[in-house]
Amino acid sequence: MMIKVFVNGPRPLAEHPRLSADEREVAVEARAAVDAGASAVHVHPKDAAGVDTLDADDVARFVLAVRQTCPGVPVGVTTGAWASPDPASRVRSVRSWTALPDFASVNWHEDGADDVAAALIDRGIGVEAGIWPGEGLARWQASPWRGSCLRALVELADVPDEDAAAWVARQATPLIDGVHRLEPDLPVLLHGAEGSTWAAIDLAARLGLDTRVGLEDTTRLPGGATADGNAQLVHAALTRVAETRSSRATATDADSND
């Protein structure tokens, strides 16, 4: 089971002291998360103002900085429409990159997803299919690039004011089933955001799926305290996964002894 760290995301820099527009500081944060147990890094390159960008120079700065501090660790970036709203511009950006990440996420509910995926694949960059509740699953299922993806990211938003575990299971299950029905061998990474973060990690552990954590998704630990940074979030996620697996093993042993 892979735990990937999402070190920054589009979150405004003022929301946590470990968020930065300086690629060197972000790389140090990534290194700490890897030391805590993360096995891959996802980073959002920033411009000088701290805003997400797909600009080739900024992507190179961030990718190379993380690679230098985390040698041998896969590094990915975003291609989110908020960083470049015009689909054709996103494709041109991908084709202009000089330092290539190992993978990049493509949100299939966004216009131009197929074209962005094609540009990434053409450059030898792995495609992570971002699948949110709504029309994203159907668009991905109909995509000619569906079978060429590196993995599917089943992505959930902040939980409404209800039981997080039940809401996460209700939202995630049809998406996971929809991926596995057409691409049974494609790895699935399940994650939440804000209030759904930890319930999604628990469900991923129960289902044996990959998952992620980081300041992109939440600034808070399971008990509600503010995390020191990505490393503490990764440590908490690994602890939670281990506890979930232990509980499953205990329940299985009890059932076998009945």
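Helices (H or I, at least four residues) and strands (E, at least two) are DSSP runs, numbered from the N terminus. This is a predicted model, in which local features need pLDDT of at least 70 and side-chain atom pairs count only at pLDDT 80 or more, while totals for chains, interfaces and linings use all residues. Residues are numbered from 1 along each chain as its sequence is written, and side-chain values use heavy atoms, with hydrogens and water left out. In this model, 8 strands close into a barrel with parallel pairing.

**The barrel and its strands**

- The strands follow the order β1-β2-β3-β4-β5-β6-β7-β8 around the barrel, where two strands pair if DSSP finds at least two bridges between them.
- Strand β1 (residues 3-6) pairs with strand β2 (residues 40-43) in the parallel sense, over 3 bridges.
- Within this pair, Phe6 has His42 in β2 as its bridge partner.
- Strand β6 (residues 151-155) runs parallel to β7 and is joined to it by 4 bridges.
- Leu153 has Leu189 in β7 as its bridge partner.
- From β7, Val188 and Leu190 point one way and Leu189 and His191 the other way; all are buried (buried means under 20% relative accessible area, exposed over 50%, partly exposed in between, with a 1.4 Å probe and protein chains only).

**Thr78 in strand β3**

- Thr78 belongs to strand β3 (residues 75-78).
- Thr78 counts as buried because its relative accessibility is 2%.
- The Thr78 side chain reaches the backbone nitrogen of Gly80 at 2.9 Å.
- Apart from neighbours within four places in sequence, Thr78 is in contact with His42, Val43, His44, Leu54, Trp97 and Ser105 (contact means heavy atoms within 4.5 Å).

**Helix α4 and its surroundings**

- Helix α4 (residues 113-122) has as its buried residues Ala113, Val116, Ala117, Ala118, Ala119 and Leu120.
- The cover over these buried residues includes α3 (87-96), β4 (103-107) and β5 (126-131).
- Gly124, just after α4, takes a positive phi of about 80°.

**Two helix pairs**

- Two packed helices are described by the angle between their axes and the distance between the axes.
- The axes of α1 (residues 23-36) and α2 (residues 56-69) cross at roughly 40° and come within 8 Å (axes are lines fitted to C-alpha atoms, for helices over the stretch in contact, and angles run from 0 to 180 degrees between N-to-C directions).
- α1 and α2 are therefore oblique to each other, since angles under 35 degrees count as roughly parallel, over 145 as roughly antiparallel, 65 to 115 as roughly perpendicular and the rest as oblique.
- The crossing of α1 and α2 is right-handed (the near helix is turned clockwise from the far one by less than a right angle; anticlockwise would be left-handed).
- In this pair, Glu23, Val26, Ala27, Ala30 and Arg31 of α1 meet Arg61, Phe62, Ala65, Val66 and Thr69 of α2.
- The axes of α6 (residues 164-182) and α7 (residues 197-207) come within 9 Å and cross at roughly 55°, and these helices are therefore oblique to each other.
- α6 also passes α7 in a right-handed crossing.
- Ala164, Ala165, Val168, Ala169, Ala172 and Ile176 of α6 meet Ala199, Ala200, Leu203 and Leu207 of α7.

**The loop before α7**

- Glu194 lies in the loop between β7 (188-191) and α7.
- Most residues other than glycine have a negative phi.
- Glu194, a residue other than glycine, has a positive phi near 50°.
- Glu194 is partly exposed, with a relative accessible area of 33%.

How values were computed:
A polar contact is a pair of N or O atoms within 3.5 Å; within protein, one must be able to donate a hydrogen and the other to accept it, and residues adjacent in sequence count only if both atoms are side-chain atoms.
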